[in-house]
Amino acid sequence: MSDRRQERSDRRCTSFHVLTLFPEMIRQGLGESITGRAIARGLISLEAVNIRDYTLDKHKKVDDYPYGGGAGMLMQAQPVYDAWRAVAESIDRQGRRGSAARVIYLTPQGAAFCQDMARELAGEEDLIFLCGHYEGIDERVLEEIVTDQVSIGDYVLTGGELPAMVMIDAIARMVPGVLSNARSGETESFGNHLLEYPQYSRPEIWHERRVPQILLSGNHQKVEEWRLEQSLERTGRLRPDLYEKWAEENQEYFIRKAKRQERARRKMLRNAQKEQQK
Ligand code: SAM
């Protein structure tokens, strides 16, 4: 089999299922651009399930006052649980294990989302996202169905839809085949604890600013070296925490660099001595 065909047959679809009160937000938010094309190509699938469709309340109500008082309304357990069960059963019918699929509740109280988490979740076949609204969701259903609680940052949003879209976008990019150039997922910021180097496109001179000469040299090794130096400089300046991690894991880089600098210093000395002897 050719490499290309082998790669295609190795790929399997990652299915995202979103439990939400606003399914159109999810469909519209992810139906365009790279995620939209990945859906069209069958590399990922997206299902937005309206929790309201599962309420047993005759007025289609899904929320109620919290016991003990307090501000705002709470999403009730029953519609959330029944929506989850319907999704799990539909996954079962497709020959996968729906009740074993990870259920991610988007909440400001969860673990902070990051690139490593996106990479890890991209290995799952099915991911169910649960979006809260109002003051959140009745704790009992969370205890019963949720496997992961994830936050996209230390601030409070009105609902879990934007966080779910943020996560799905970042996870989808890690699914093989979704990015046209598989390497770009690796070399981007956070790929190896480093922020990405600066990039330039045509024209060569814009507003009297030149593209760095090294990038026009055609010397791939030199270009790679320059990019690494730029990434290191940028990461050290903007994210010293990430720089520390990289430096810890890549001590041999600094040893090699120090040796290179020492060789260059000795060469300069020798040349200077030769000049003096002339
Ligand atoms: N009362 C909740 C608390 O203090 O933890 C906040 C509820 S918030 C107004 C409504 C919903 O938005 C949450 O249930 C959650 O799904 C979502 N949400 C808000 N901020 C979020 C964040 N930073 N990360 C992930 N989800 C968030």
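The C-alpha centres of domain 1 and domain 2 lie 45 Å apart. The model is a predicted one. The domain assignment of the protein chain sets domain 1 at residues 12-172 and domain 2 at residues 205-277.

Start with helix α2. This helix covers residues 23-30, and Pro23, Ile26 and Leu30 in it are buried. Where do these buried residues point? Seen down the axis of α2, they fall within an arc of 65°, so they line one face of the helix. A general rule of helix geometry helps here. An α-helix has 3.6 residues a turn, so residues three or four places apart point the same way.

What does that face of α2 meet? The buried residues of α2 pack against four elements, two strands and two helices. The strands are β1 (14-20) and β2 (44-50). The helices are α3 (33-40) and α7 (161-172).

Now turn to the cysteines. How many disulfides does the structure hold? It holds zero. Why is cysteine 13 not bonded to cysteine 131? The sulfur of cysteine 131 is the closest cysteine sulfur to that of cysteine 13, yet the two are 19 Å apart, too far for a bond. A disulfide needs the two sulfur atoms within 2.5 Å. Their surroundings can be compared as well. Cysteine 13 counts as partly exposed because its relative accessibility is 27%. Cysteine 131 has a relative accessibility of 1%, so it counts as buried.

Next come the aromatic rings. The structure holds five aromatic pairs. One of them joins tryptophan 246 and tyrosine 253. Their ring centres are 5.3 Å apart, the planes meet at 75°, and the pair is edge-to-face. Both tryptophan 246 and tyrosine 253 are buried.

Tryptophan 246 also pairs with phenylalanine 254. Here the centres are 6.0 Å apart and the planes stand at 80°, so this pair is edge-to-face. An angle over 60 degrees is what counts as edge-to-face.

Is each partner in this second pair buried or partly exposed? Tryptophan 246 is buried, because its relative accessible area is 5%. Phenylalanine 254 has a relative accessible area of 28%, so it is partly exposed. The cut-off for buried is under 20%.

Put the rings together. Ring pairs link Trp246, Tyr253 and Phe254 into a cluster.

Key:
Residues are numbered from 1 along each chain as its sequence is written. This is a predicted model: local features need pLDDT of at least 70, side-chain atom pairs count only at pLDDT 80 or more; totals for chains, interfaces and linings use all residues. Side-chain values use heavy atoms; hydrogens and water are left out. Buried means under 20% relative accessible area, exposed over 50%, partly exposed in between (1.4 Å probe, protein chains only). The arc is that of the directions from the helix axis to the C-beta atoms. Contact means heavy atoms within 4.5 Å. Domain bounds come from an automatic or database domain assignment. Rings of Phe, Tyr and Trp (its six-membered ring) pair if their centres lie within 6.5 Å; planes under 30 degrees apart count as stacked, over 60 as edge-to-face and the rest as tilted.
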